[in-house]
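Student: I would like a close look at the salt bridges of this model. Which side chains meet in them, and how exposed are the partners?

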Amino acid sequence: MFNVLSLVFRYIFILLIYLFMIGIIRMIYLDIKSMGGTISDGTSYLKLLNRKDTLSFKVKEVYILEDNVSIGRGTQNDIILRDPYISKDHARITLDEGEYFLEDLESANGTLVNDTRVLDVVKLKDGDRIKFGQVEFLFIEGE
């Protein structure tokens, strides 16, 4: 009787270990899949660097940049970020002669590019880190 019970518990324990390992592999797969979001058609975009679950508001992983993109808390903006540290009309990204420029619209907490506060219009380069309030983006320049 003891041998049968021992054998059953042994197989249950092995089954639980396999289920645990499958769960871990699934979580790693979903995490890697969510890190994707790259766009390969030559479009410039902003890629979220924060983990979405650390923010108390909804934000997309990727924002495609048009010719003129406004950023802020207000509903009239192209990119709406409900962060309390972001102004209603916080910043603007403009395409001019094939290059993107970032302008802070006199926001209360400012805009940072590569940890430097934006005081005037700044030309964006591929790989620049842009921070609005608690949200940080990576600027990816298309071809």
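Tutor: The following account takes three pairs in turn. The model is predicted, and the count comes to five salt bridges, among them the pairs Arg92 with Glu103, Lys123 with Glu99 and Glu136 with Arg129.

In one of them, the side chains of Arg92 and Glu103 meet at 3.3 Å, N to O. Arg92 belongs to strand β5 (residues 91-96) and Glu103 to strand β6 (residues 99-104), so this salt bridge ties together parts that are 11 residues apart in sequence. Arg92 has a relative accessible area of 28% and is therefore partly exposed. Glu103 is likewise partly exposed, with a relative accessibility of 28%.

Strand β6 also contributes Glu99, whose side chain forms a salt bridge with that of Lys123 at 2.9 Å, N to O. Because Lys123 lies in strand β9 (residues 122-123) and Glu99 in strand β6, the pair links parts that are 24 residues apart in sequence. Lys123 is partly exposed at a relative accessible area of 42%, and Glu99 is partly exposed at 30%.

A further salt bridge joins the side chains of Glu136 and Arg129, with an N to O distance of 3.0 Å. Here the partners fall into separate classes of accessibility. Glu136 has a relative accessibility of 16%, and it counts as buried because this value is under 20%. Arg129, by contrast, is partly exposed, with a relative accessible area of 40%.

How values were computed
Residues numbered from 1 in each chain as written. Predicted model: local features only at pLDDT ≥ 70, side-chain atom pairs only at ≥ 80, totals over all residues. Heavy atoms only, no water. Salt bridge = Lys/Arg side-chain N within 4 Å of Asp/Glu carboxyl O. Helix = DSSP H or I, 4+ residues; strand = E, 2+ residues; numbered from the N terminus. Buried < 20%, exposed > 50% of the residue type's maximum accessible area, 1.4 Å probe, protein only.
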